[in-house]
Amino acid sequence: MQDTYKHKGMRKQLIQQLRQDTRITNEAIFEAFDNVPRHYFLDLVFVEQAYSNMAFQIGAGQTISHPVTVAFQSQLLEIKRGEKVLEIGTGSGFQTCILCQMGAKVFSIERQKELYDKAKNIVRFFGFNPKILFGDGYKGMPAFAPFDKIIVTCGAPDVPEALITQLKVGGIMVIPVGEGNEQTMKRITKVSENELQIEEFGTFKFVPMLERTVKK
Ligand code: SAH
């Protein structure tokens with residue numbers, strides 16, 4: 001795979017498109033999109049469309065999220081350099097790399113072995129060093145808690161209790177919540193040990209958050 005002038009040009013166009021979305025204002029997000037070439041995360045057959053605002057199959061029945069969804073979740077998280085961020089659903093590793101590029105210290109969990117193996121290689125290829133775990137996101141990563149931020153990139157039927165516990169007071173979790181194939185994007189701020197502030201940000205379509213690991 002190469003990062004050609006054509007790819008770079010397409011990437012600039014995608015960033016222009018993201019800039020037109022008034023919900024996305026954090027410059028660090030545009031910079032990260034410029035520095036993490038999305039086409040490397042896709043199967044060869046999709047490479048030419050890598051910079052259109054589309055989701056694609058990444059294997060094991062899973063999809064890489066739409067660029068605008070990655071950007072929007074990153075915006076809601078209010079990422080600051082050096083923060084500890086837990087991601088549920090490593091998938092292709094694209095969102096993981098965007099968060100790393102934004103200066104976060106990233107911990108990510110993937111339940112599909114095949115995707116976990118691939119993602120570990122690609123983050124290393126780009127020189128990032130997140131902690132990626134093959135495991136069940138419902139459990140979080142208690143050994144590395146608490147986290148400043150938590151991002152869930154699969155549709156959760158409800159908000160997993162363990163993740164609330166592993167969030168710092170003052171921390172933010174961004175999570176699409178819903179039982180069907182549509183979810184409501186929620187931003188949960190842990191105001192105090194036993195008080196949450198919940199905001200809603202419209203409807204999205206994610207693959208479902210499922211329990212237990214799957215080996216291949
Ligand atoms: N952030 C990813 C999105 C991938 S789609 C990207 O940028 O490509 C969501 C991912 O969540 C899938 O890979 C799916 O296998 C994973 N997933 C679903 N349920 C999970 C769980 N309980 N724990 C960890 N990962 C899970």
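This passage describes the open sheet of a predicted model, the helices packed on the sheet, and one helix pair. Local features need pLDDT of at least 70 and side-chain atom pairs count only at pLDDT 80 or more, while totals for chains, interfaces and linings use all residues. Residues are numbered from 1 along each chain as its sequence is written, and side-chain values use heavy atoms, with hydrogens and water left out.

Seven strands form an open sheet of mixed pairing, in the order β5-β4-β3-β6-β7-β8-β9. Helices (H or I, at least four residues) and strands (E, at least two) are DSSP runs, numbered from the N terminus; two strands pair if DSSP finds at least two bridges between them. The edge strands, each pairing on one side only, are β5 (131–134) and β9 (195–204). Within the sheet, β6 (residues 147–152) and β7 (residues 167–177) pair in the parallel sense over four bridges. The bridge partner of I150 is M173 in β7.

Helix α3 (residues 67–77) lies across β6, β7, β8 (183–192) and β9, at about 155 degrees to β7. Axes are lines fitted to C-alpha atoms, for helices over the stretch in contact, and angles run from 0 to 180 degrees between N-to-C directions. Helix α5 (residues 113–125) packs on the sheet and touches β4 (105–110) and β5, where contact means heavy atoms within 4.5 Å.

Helices α1 (residues 5–19) and α2 (residues 27–35) pack at an angle of about 160 degrees, with their axes 9 Å apart. The contact is made by R11, K12, L14, I15, L18 and R19 of α1 and by E27, F30, F33 and D34 of α2.
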